[in-house]
Amino acid sequence: IAILESSRLIAGLEDVLSAFLADTYMHKGLVLSETTGCHREAAELLDKSIATYQQLVAKQHRTEFVLALARTLNNKARLLSHATDTDGALRLYEQARSLLRSEEPDVVEEDMARLCNNIGVTLCSAHREREALPYLDEALDLYSNMTQRSVRPDCMSLLANVCINKAGALNVLGDAGAASAVSDRAISICRCLREQHNDKEAGPGLARALMNRAHAAKILGTAENAVSFYDKAIGVLTGLVETGGRLELRQELAKAFSIKAATLHNLGERHGALALFEKSIQIGEHLFITERHRETAAGLAKDCMNKARIMKELGRGKEALDLYDRAITVWRNALGMKGTSAELAAEADAEAAADLASAYLVRAVALKDAGDLPSAAASQKEGLRTYEQLGRAGVHHAVDLAKAYMSHGILLQTMGDISAADEAYKSAIASWEALVRRDGARQWAGYIADACLHRARVLQALGDEQEARRHILMAQEYAVYLRK
């Protein structure tokens, strides 16, 4: 970059050197993003690449410059998509599409297919699967045409990838029949690549296609059939991991164990589910502890929670509590919370923090069932504190918070701590009233009536008959509203 920046104005070579410089900016940006996580610096380099190519296109509208600019816009959009800036990514994708449409269709066919697939993936990541389908269909048609004209393993691989993405979107939308057909096509392509073209990179795609096929079978109500597809996917992933699989393949294997475990649990096979959750936990703990791979925290913690639920069903409460504690420890470590009184960081992952709050509350139920009411109340307080910290950061879980206040009040009342129970019910009522102001009374009338009655009882115990009667009247008003 230093050499190119200092020599790009050499007479007669300006355009060639500028194109080399733009290309180098782009490649360095991609390397930084993919290997070091320096996304801000990567974005700055991609912006420099885009600006340089824009100057070249404005100077002379050559196809090679147009394609290079469209590809760089595509790469910058993918970077924004990974950073969950969906709108920013879509704006850049549309700029790239506009550029490609200005060229001959057969010249830009492969670039357009790749772009449409990326748009579809970005929309799916934002839970906009219905919007994604037309783009995925366009990519599917383009790659299908390319593979029909000539047998190109690289195009076959890209076609399979689009099929996998489309099947995933269809499963989310509940169209399991169509998802099954598209998944079968992806499975057939991936097997062909492995068996006839010795494509070792087709394995991960085959596993993803089999997982999609299993999900579709599950949606269609054939859980036993789903299990057989999960087994096939696990077999593929296990083989890949045993032959030196990349980190993300170990993640995928853990996820496959976990999903199959949940399916077995739904079928009533608790012991089989326990064994698979444990396999997933072992992989997750290795990645999280030995490699400090924070991205695995959510899956690991949720596996611990799910395994704990089965332990509780089997009457093994002590082991369930140990697993709840493990899940809480994982989430706290992932959120950088050291020490029992640690606060959430301002930039903390809101989803992980909400999961942590929920875990505290679930553990409180288990502690209450075990007869340890003081520990249950302490666990509830931690959950409430986490939700409150999220609220102060602008991330509101109003319904969960209101329900948690109610549960806390009921437990404190059971323990005989009437004053503390009164404060909890008071907070619950305030939370429900805020929801009524936001959504109207219809949805929350029953909850607020119940909270008012609970508070009326503790107010009577505290000797405040006037406030108790006021809360009873409030409860009656909401009950009348419900009857209407």
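In the predicted model, 48% of the 484 residues of the chain count as buried. The accessible surface of the chain amounts to about 23,900 Å², of which carbon and sulfur atoms supply 52%. The secondary structure consists of 21 helices and zero strands. Along the principal axes, the C-alpha atoms fill a box of roughly 95 × 50 × 50 Å. Among contacts in the chain with a separation of 6 or more, 56% are made by residues 24 or more positions apart.

Empty space within the structure was examined next. Rolling a probe the size of a water molecule over the atoms shows where such space is left. A search of the whole structure returned one cavity of 30 Å³ or more. The volume of the largest cavity is about 40 Å³, and its lining is formed by A70, R71, N74, A96, L100, D111 and L115. By class, this lining comprises four nonpolar, one polar and two charged residues. At least two lining residues are supplied by each of helix 4 (63-82), helix 5 (86-101) and helix 6 (105-125), and the largest share, three residues, comes from helix 4.

The second largest pocket, in turn, has a volume of about 330 Å³. Its lining contains 15 residues, of which Q251, K255, A298, G299 and L300 are the closest to the centre of the pocket. Five nonpolar, six polar and four charged residues make up the lining of this pocket. Helix 12 (247-266), helix 13 (270-290) and helix 14 (297-313) each contribute at least two residues to the lining.

Helix 14 was considered in further detail. With 17 residues at 1.5 Å a residue, helix 14 should span 24 Å; its end C-alpha atoms lie 25 Å apart, and the expected and modelled spans therefore agree. The buried residues of helix 14 are A297, L300, A301, D303, C304, M305, K307, A308, I310 and M311. L300 thus appears both in this buried set and among the residues closest to the centre of the second largest pocket. The buried residues of helix 14 pack against helix 12 and helix 13, as well as against helix 15 (317-334) and helix 16 (350-369). Helix 12 and helix 13 accordingly serve as packing partners of helix 14 and also supply residues to the lining of the second largest pocket. After helix 14 comes G315, a residue with a positive phi, near 80°.

Terms used. Residues are numbered from 1 along each chain as its sequence is written. This is a predicted model: local features need pLDDT of at least 70, side-chain atom pairs count only at pLDDT 80 or more; totals for chains, interfaces and linings use all residues. Side-chain values use heavy atoms; hydrogens and water are left out. On a 1 Å grid over the protein atoms alone, a cavity is a set of points where a 1.4 Å probe fits but cannot get out, and a pocket is an open set with protein on both sides within 12 Å along at least five of seven lines; lining residues have an atom within 4 Å of a point. Grid points are joined across faces, edges and corners, and a volume is the space filled by probe spheres set on the points. Helices (H or I, at least four residues) and strands (E, at least two) are DSSP runs, numbered from the N terminus. Ala, Val, Leu, Ile, Met, Phe, Trp, Tyr, Cys and Pro count as nonpolar, Asp, Glu, Lys and Arg as charged, and the others, Gly among them, as polar. Buried means under 20% relative accessible area, exposed over 50%, partly exposed in between (1.4 Å probe, protein chains only). Contact means heavy atoms within 4.5 Å. Accessible areas come from the Shrake-Rupley method with a 1.4 Å probe; for residues, only the protein chains shown count as cover. The expected span of a helix is 1.5 Å times one less than its number of residues.
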